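Hi there,

Here is the structure I promised to pass on to you. Have a look at it first, and my notes follow below.

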2 protein chains.
Amino acid sequence: MAGRELDVDVVVVGAGLAGARTARLLHDAGLRVAVLEARERVGGRTLARPIGAGTFDLGGQWIGPAQARVTRLVRELGIRTFATYTEGTKVLLDRDRRRTYRGEIPSLSIPQLLRMQLALLGLERERKRVPAADPTAARDAKRLDAMTLETLRARYRLDHATRGAMDAAVRTIFGAEAADLSALYFLAYLNAGGGLMALAGTRGGAQEERLVGGVQQLSRRLLDGIEVHLDAPVEQVQVREGRVVLTTPHLRARARRAVFALPPTQLRGIAFDPVLPAGRRQLLDRAFMGSAVKMLALYDRPFWREAGLSGELVCGDGPLSVVFDNSSHDDRQPALVGFVVGRHARVLSTRDGDAARRAVLDALVRAFGPAAGRPSELILQDWSAEPYVGGCPVALFGPGALLPSSGHLRTPLGPLHFAGTETAREHIGYLEGALESAERVFSEVQSAGL
Amino acid sequence: MAGRELDVDVVVVGAGLAGARTARLLHDAGLRVAVLEARERVGGRTLARPIGAGTFDLGGQWIGPAQARVTRLVRELGIRTFATYTEGTKVLLDRDRRRTYRGEIPSLSIPQLLRMQLALLGLERERKRVPAADPTAARDAKRLDAMTLETLRARYRLDHATRGAMDAAVRTIFGAEAADLSALYFLAYLNAGGGLMALAGTRGGAQEERLVGGVQQLSRRLLDGIEVHLDAPVEQVQVREGRVVLTTPHLRARARRAVFALPPTQLRGIAFDPVLPAGRRQLLDRAFMGSAVKMLALYDRPFWREAGLSGELVCGDGPLSVVFDNSSHDDRQPALVGFVVGRHARVLSTRDGDAARRAVLDALVRAFGPAAGRPSELILQDWSAEPYVGGCPVALFGPGALLPSSGHLRTPLGPLHFAGTETAREHIGYLEGALESAERVFSEVQSAGL
């Protein structure tokens, strides 16, 4: 225990994008900063690897036009971007039925489309009334936080196909079911990201572009020249006379301030002394991580493009909820990316590797034909198995969790500050939210006169 | 780290009632057993202290006639019991209105009573269809797990007073709001305990009797002569070739089997190697502890009895949800016990001590008159502030948590076994459930041939 001793101005706990950006801002402002990362690598929920003839993201991978901070950062770092391939026909699987369509919304019957539109309009109206930065300030916050999204949407009486399309979107955005989510938290989250269609969409939406070389490089580049300690899980945090002492198995760090840039669920494993205030602990107690297995399938040829398909699949029944074309920026490595999310991820996680692969390939074949069953490589990245992460894309709240605890996730506690995409006031759950939280914490530390 | 080394047949983690009973059964069967307790005391969510002229439970305190195991254990240990005082008139506070009543159900108007009866009958019918041991086996499990209890009961269109009475019962039983709970979990929990009225009741119900000397002595007496290590929080558990190594800051224990008798939320803080299966971890991720502050108010005279009141109070608006007479068995120390629970506990936890005391005393005065405002001693025991417990009375599940994870809480994993009242198939959340879980784990270990 505590072989090495550090003494700095600020310790940042967590080297994901939020932590990396916070550390960079503090470092550039002239402060002595050290980053403690529990794992053997930086990047948190972003992870890129050279696979086949390309470099692929096994974690977060997209940026959208509404996300100003990440767009600016990518430009500043001189990283090239490229558009998600969207040309051609999309596929909707609904039970045994396979439909193809173009545009944003699956080709359903006229009554189905009307219901779907009604539901989307209704949710748009509802979500605009729930402030993303403080959902508890909504007029009918209590009513909305007492029900699940499943209950909220029941009024729209969607049929199986339409429900399925919405399920696929909700699962992919949250890694969870409509049954799992507080309707209030769902609406705030939509509002933070510009609405359901913006979050679910490719062109003009949150899945518009990718980064050449992958997203993990953002954290790596931001941390360039900054003192980072890997394999340094913080076990204990003591606050004594306004100063902070952080203990890891092999290192002890003293600092004037500490920034926690972790999923809120990970804070539960740290022994704070004095203990965190009761309201905060009870809120953390109730956070849970979304469940997501990311699939990457590499192929020798982009056979779906050749058949006039975009590679996009929406499926309400699982195991894959959505699929996109994920070929490398230079098209040298054709690929599909897909998400087994929410309930389907929790089921898939319990299967052995072969059974999981078969289930996923079977869905690809149903959507794209037999060639989809023969990838040159198939990767299933189960984020719920990742140590110090525990799930993806984001931590969530069920009904009843938020209301007595407004603002608790991000409120600083003396010299302790809290970043991470879950604490964001815009684009919660996205790279953009991570950056927003870093900027907020930076100004908190600055206005504390450090 | 790991100064002392132990080598035993079974390590039991947690010296609450479930752990103590498991250790006793294993020890009496001739096995070498060691108990590792994170805290400086045994008893878990039971805690008794001499206060004033009596000994009072600041944690779990009641037993009921339907609870056969705990009744038998109490008799075997020769502990005397005494009945909760219930003579006289009860009080219902509803907004500014104070009503008094006798019997089980507050004296409401006829239409109110009809609605209340209808709701109770409806819940009785629903709960009988949800098996306590496996709620996911219920016919409409999916529908029920996709909604909160708040949504489930909305159909009964209860008015403010009736809702308030039910809120008080739900808060006291669960430490949570109707908005927080999966309707499925709520119904299974009711079923495990014999229904809402049995769980909420005194005479004939789960609050019928108390133990002379308090409940914590059960754990102490069961552990008599067994090797217990206090201040030994388990940080790491390794399973290697079917054997278990448990590491605490000052001790390392090797065993053929390990039994975890902890609230499921506390398992999240232990580093398992290999990691727990994904389904299990995702279920644990979603558990949260109820919020409960237990109030004990001592008085020089039982002024409420003298005024013909039983001391029982039901209040839907908080801060106190229910109050009971809690005088010592010999009546030498008059006392009231009350519960600030659910949302009201989360709010009270954030207040400073004086404000919290004032809020509670104000409610007592409204119910029982000015004498209630002058206790000789007033204790507010906030269980969410207790290390290695984190809340009371029990860990809970919101919507969507249970369904893909049937049985996961109690399923053994190789040489790892899981006890604790949350894993019970009967009387979940009660002393009785803790004992039931201990008996199950004992037979698991036995049939493993150890």
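A word on naming: helices (H or I, at least four residues) and strands (E, at least two) are DSSP runs, numbered from the N terminus. This is a predicted model, in which local features need pLDDT of at least 70 and side-chain atom pairs count only at pLDDT 80 or more, while totals for chains, interfaces and linings use all residues. Residues are numbered from 1 along each chain as its sequence is written, and chains are lettered from A and ligands numbered from 1 in the order in which they are written.

**Backbone oddities**

Most residues other than glycine have a negative phi, and most peptide bonds are trans. In chain A, P319(A) sits in the loop between β17 (309-315) and β18 (322-325), and the peptide bond leading to P319(A) from G318(A) is cis, with omega near 0°. In chain B, C392(B) and P393(B) are joined by a cis peptide bond with omega of about -5°; P393(B) belongs to the loop between β20 (377-382) and β21 (395-397) of chain B.

Two residues of chain B that are not glycine have a positive phi: D231(B), at about 50°, and H427(B), near 55°. For burial, C-beta atoms are placed from the backbone, and a residue is buried if 20 or more other C-beta atoms lie within 10 Å of its own, exposed if 12 or fewer, and partly exposed in between. D231(B), in the loop between β10 (227-229) and β11 (236-240) of chain B, is partly exposed because 14 other C-beta atoms lie within 10 Å. H427(B), in the loop between β22 (416-419) and α15 of chain B, has 28 other C-beta atoms within 10 Å and is therefore buried.

**The core**

The largest nonpolar core has 287 residues, and V13(A) and V13(B) are those with the most contacts inside it. Such a core is a set of buried Ala, Val, Leu, Ile, Met, Phe, Trp, Tyr and Cys residues joined through C-beta atoms within 7 Å. A contact between two residues likewise means that their C-beta atoms, placed from the backbone, lie within 7 Å. Beyond its neighbours within four places in sequence, V13(B) contacts residues including L36(B), V234(B), L246(B) and F260(B).

**Where the chains meet**

Chain B gives 40 residues to the contact between the chains and chain A gives 39 residues. On the side of chain B that touches chain A, the elements giving two or more residues are α5 (149-154), α11 (278-286), β15 (287-289) and α13 (343-349) of chain B. The largest share there, six residues, is from α11(B). By class, this side of chain B has 14 nonpolar, 15 polar and eleven charged residues. Here Ala, Val, Leu, Ile, Met, Phe, Trp, Tyr, Cys and Pro count as nonpolar, Asp, Glu, Lys and Arg as charged, and the others, Gly among them, as polar.

What does T350(B) contact, leaving aside its neighbours within four places in sequence? The partners are P277(A), A278(A) and G279(A). T350(B) lies in the loop between α13 and α14 (353-368) of chain B, and is partly exposed, with 17 other C-beta atoms within 10 Å.

**Helices worth a look**

In α2 (residues 68-76) of chain B, the buried residues are V70(B), L73(B) and V74(B). Seen down the axis of α2(B), they fall within an arc of 100° (taken over the directions from the helix axis to the C-beta atoms), so they line one face of the helix. R72(B), R75(B) and E76(B) are exposed on the face of α2(B) turned away from the buried side. Among the elements covering the buried residues are α9 (216-222) and α15 (431-447) of chain B.

In chain B, the axes of α3 (residues 110-127) and α7 (residues 183-193) come within 9 Å and cross at roughly 85°. Axes are lines fitted to C-alpha atoms, for helices over the stretch in contact, and angles run from 0 to 180 degrees between N-to-C directions. α3(B) and α7(B) are therefore roughly perpendicular to each other, a label for 65 to 115 degrees; angles under 35 degrees count as roughly parallel, over 145 as roughly antiparallel and the rest as oblique.

Happy browsing!
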